[in-house]
Amino acid sequence: MMVLYKLAFIITAFGAVLITLNVILKKRQTWTKFDIFYALMAVSLSIWALGRLGLLLSQNYDTGLFWVRFLYIGSILVHILFLHTVLVFLDLDKKRKYILFIFYANAAVLLFFNVFDLFTGSNYFIKDIVAKLNFQYFEVPNTLYNLHLVDYIFIPFYALIEMVFALKRLSGEKLQQLRFIIVASIFGFLGGNSVVPLVYDIPLEPFLVILVPFHLLILTYAIARHHLFEIRVIATELLTFAIWIFVLIRLFLAETLQERLINGGLLLILIIFGILLVRSVLKEVRSREEIEKLAKELEKANVRLKELDQAKSEFVTIASHQLRAPITAVKGYASMVLEGTKLFSSILKIYYINFHAK
């Protein structure tokens, strides 16, 4: 089970970093408020996962104490940033500014005392670390920790309520994104909050923590749903990286030189093929994006041609209608003149005949 925990924390930590880099590099000139808060939330999640991994791998008390205080920097931030990200997505961040203010104030207090403990060795937030169940070191909360328990309980339920009510007023692509975000949120908080019972000495194994990487994948897919080709790159990177980490763990756990050589060679081959795979997918994505761009331009050109054709038809209709009346009048007058000319000619002819007859 410990191997699964380590793998989950590694994938979460480095997966969040990869996703953040994708957001920064892909949208460096067109950042929105949502992109900023999502990137900050991903970084906080990475800090939490790295801290959990460090605590799990700690071999002495001081190292474990450092990592437990490090991980709670991410834990405190990821809760409030998740709430803010959801409210920004739902366009409710300005309407719920007082709720955000309360939880930002709470986060500021918790961060201050946690960082203060980290640098001074005091224990206002985390009282101690001791052995619990199969964990060599696990945190023991102090009284101030109960403020963070409010984050664990209130923020997920409140965010879920806001998202469920928003299902009725959203439509189209954003509605589909929201459905994925709800599922991702359930995975994330079931996984992340599964450590809480053991923190309070309730002997429950936090096995649901392995759900956190799935939260990350689902949430990323939801956010990038309007650019489905981009998510293929992210998913390929995450899968490739997870395979590398798995083989790397096998390399460290190998007991004989032969196993280490085999795992080392396999890791080298997987790294080479992984890089080639990511580059191939990235090339395909760029090609598809170009095709999609050209298709959109062609669609716009077709719409413009239809507008011009319609304008031409309207002009011909109007012109024919406006010109028909005067042309008919001119034709009538010309006919009358022509008839008059014929009559005049006939009179002259009769007169001429009569004159010569006399």
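These are my notebook entries on a predicted model of one protein chain.

**Entry 1: the chain as a whole**

I began with the secondary structure and found 10 helices and 2 strands in the chain. Reading from the N terminus, I wrote down the order of the elements as α-α-α-α-β-β-α-α-α-α-α-α. I then looked up burial, and of the 358 residues 38% count as buried. For the accessible surface of the chain I noted about 21,600 Å², with 70% of this area belonging to carbon and sulfur atoms. I also looked at contacts between residues at least 6 apart in sequence, and 69% of these join residues at least 24 apart.

**Entry 2: helix 4 and helix 5**

Two packed helices are described by the angle between their axes and the distance between the axes. I looked up both values for helix 4, which covers residues 97-120, and helix 5, which covers residues 145-166. Their axes lie 10 Å apart, and the packing angle is about 150 degrees. Because angles over 145 degrees count as roughly antiparallel, helix 4 is roughly antiparallel to helix 5. I recorded the crossing of helix 4 past helix 5 as left-handed.

Which residues meet here between helix 4 and helix 5? From helix 4 I listed Ile99, Phe103, Asn106, Val109 and Leu110, and they meet Leu147, His148, Val150, Asp151, Phe154, Ile155 and Tyr158 of helix 5. Sorted by class, the residues of this contact are 9 nonpolar, 2 polar and 1 charged.

**Entry 3: helix 3 and helix 6**

I turned next to helix 3 (residues 61-89) and helix 6 (residues 172-192), whose axes come within 12 Å and cross at roughly 165 degrees. With that angle I could again use the cut-off of 145 degrees, and therefore I noted helix 3 as roughly antiparallel to helix 6. Helix 3 passes helix 6 in a left-handed crossing.

On the helix 3 side of the contact I found His79, Phe82 and Phe89, while helix 6 brings Lys174, Gln177, Leu178, Ile181, Ser185 and Phe189. I counted this contact by class as 5 nonpolar, 3 polar and 1 charged residues.

**Entry 4: leucine 65**

Last, I picked out a single residue, leucine 65, which has its place in helix 3. Is leucine 65 buried or exposed? Its relative accessibility is 14%, and since buried means under 20%, leucine 65 counts as buried. I also compared its position with that of tyrosine 137: the two are 72 residues apart in sequence, and their C-alpha atoms are 8.6 Å apart in space.

Conventions: Residues numbered from 1 in each chain as written. Predicted model: local features only at pLDDT ≥ 70, side-chain atom pairs only at ≥ 80, totals over all residues. Heavy atoms only, no water. Helix = DSSP H or I, 4+ residues; strand = E, 2+ residues; numbered from the N terminus. Buried < 20%, exposed > 50% of the residue type's maximum accessible area, 1.4 Å probe, protein only. Contact = heavy atoms within 4.5 Å. Areas by Shrake-Rupley, 256 points an atom, 1.4 Å probe, with all protein chains shown as cover. Axes fitted to C-alpha atoms, helices over the stretch in contact; angles between N-to-C directions. Parallel < 35°, antiparallel > 145°, perpendicular 65-115°, else oblique. Left-handed = near helix turned anticlockwise from the far one by under 90°. Nonpolar A, V, L, I, M, F, W, Y, C, P; charged D, E, K, R; others polar.
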